[in-house]
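Open the model in your viewer and keep the selection tool ready. The tour goes stop by stop, with a selection at each one and a note on what is there.

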Amino acid sequence: MAVAKLGRTLAHYQWGGPGAISKLFGWGEPEEPEAEWWLGVHPLRPSTIAADGKPLAGWLQRHGGVGELPYLFKVLAPAMPLSLQVHPSAEEATKGFDREVRGRMDLDDPLRLYKDPSAKPELVVALEGGFSALAGVRPVDEVVAVLTELDSDDTGPIGALRQRLASG
């Protein structure tokens, strides 16, 4: 079995902790926020081999005959609350990705919703206390009912949102 050490393919988003990932793995203490370390072959941030900086996909091809992985492993270090994330099913992801490819949207276009054709199941392991997450989304009819209770005036922002949700 071939073994290779992966390089550090870090994302430096503002919500990351200062040097959080580097501290976790004993890489030193950089000053910039470290939000995510991606370990995989995703085209937006593919892993590299530490020894030579070459893409992991090529190494996998040479040593196992595959250039893809069925998952993307991420190490996240949030230092503040993260945005709401809604992940598609496998079918929705494939259809949405194909639609945006046909529409010739660039992969890094900020309006693009489907960066790849994969579903996004997730597992969280909190290494420190104080981490909480919400999961699940209410059906649209329940959301409309809650909004109706909050604001019966259709002229305000909640009324406008309620009308938009009710219209599909």
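## Stop 1: an arginine over a ring

Select Arg45 and Trp38 together: Arg45 lies over the face of Trp38, at 4.4 Å from the ring centre. Bear in mind from here on that this is a predicted model.

## Stop 2: the sheet

Now show the strands. Three of them make an open sheet in the order 1-4-5, and their pairing is antiparallel. Colour strand 1 (10-11) and strand 5 (73-76) to mark the edges, since each of these pairs on one side only. Then select strand 4 along with strand 5; four bridges join this antiparallel pair. Within it, pick Trp37, which stands opposite Val75 in strand 5.

## Stop 3: the aromatic cluster

Keep Trp37 selected and add Phe25 and Trp27. Ring pairs link Phe25, Trp27 and Trp37 into a cluster. The model has four aromatic pairs by the ring-centre rule. One of them is Phe25 with Trp27, a stacked pair with 5.2 Å from centre to centre and 25 degrees between the planes. Turn next to Phe25 and Trp37: their ring centres are 5.0 Å apart and their planes stand at 75 degrees, and since an angle over 60 degrees counts as edge-to-face, this pair is edge-to-face.

Which parts does the pair of Phe25 and Trp37 tie together? Phe25 lies in helix 1 (residues 20-25) and Trp37 in strand 4 (residues 36-39), so the contact joins parts that are 12 residues apart in sequence.

Switch on the surface to see how the three rings are covered. Trp37 has a relative accessibility of 8% and counts as buried, because the cut-off for buried is under 20%. Trp27, at 21%, counts as partly exposed. Phe25 is also partly exposed, with a relative accessible area of 37%.

## Stop 4: helix 2

Select residues 56-64, which make up helix 2. Show the side chains of Leu56, Trp59 and Leu60, which are buried. Look down the axis of helix 2: these buried residues fall within an arc of 100 degrees, so they line one face of the helix. Step past the end of the helix to Gly65, which follows helix 2 and has a positive phi, near 80 degrees.

## Stop 5: helix 3

Move to residues 90-102, helix 3. How far apart are its end C-alpha atoms? They are 18 Å apart, which agrees with the 18 Å that 13 residues should span at 1.5 Å a residue.

Select Ala93, Gly96, Phe97 and Glu100, the buried residues to look at in helix 3. They cover an arc of only 100 degrees around the axis, which puts them on the same side of helix 3. Rotate to the face turned away from this buried side, where the exposed residues Glu91, Lys95 and Arg102 are found.

Thr94 is also in helix 3. With a relative accessible area of 33%, Thr94 is partly exposed. Add Pro117 to the selection: its backbone oxygen lies 3.3 Å from a polar atom of the Thr94 side chain. For a sense of scale, draw a C-alpha to C-alpha distance from Thr94 to Ala133; these residues are 39 apart in sequence and 26 Å apart in space.

## Stop 6: the residue after helix 3

Select Arg104, which follows helix 3. Is Arg104 buried or exposed? At 74% relative accessibility, Arg104 counts as exposed, because the cut-off for exposed is over 50%. Arg104 sits in the loop between helix 3 and helix 4 (140-150). Check its backbone as well: phi is positive, about 60 degrees, although Arg104 is not a glycine.

## Stop 7: the end of helix 5

Finish at Ala166, which is found in helix 5 (residues 157-166). Ala166 is exposed, with a relative accessible area of 58%. Draw one last C-alpha to C-alpha distance, from Ala166 to Ala20: the two are 146 residues apart in sequence and 43 Å apart in space.

Key:
Residues numbered from 1 in each chain as written. Predicted model: local features only at pLDDT ≥ 70, side-chain atom pairs only at ≥ 80, totals over all residues. Heavy atoms only, no water. Helix = DSSP H or I, 4+ residues; strand = E, 2+ residues; numbered from the N terminus. Expected span 1.5 Å × (residues − 1). Buried < 20%, exposed > 50% of the residue type's maximum accessible area, 1.4 Å probe, protein only. Arc of directions from axis to C-beta. Phe/Tyr/Trp six-rings, centres within 6.5 Å; stacked < 30°, edge-to-face > 60°. Lys NZ or Arg CZ within 6 Å of the ring centre and 35° of its normal. Pairing = 2+ DSSP bridges. Polar contact = N/O pair within 3.5 Å; in protein donor to acceptor, adjacent residues only side chain to side chain.
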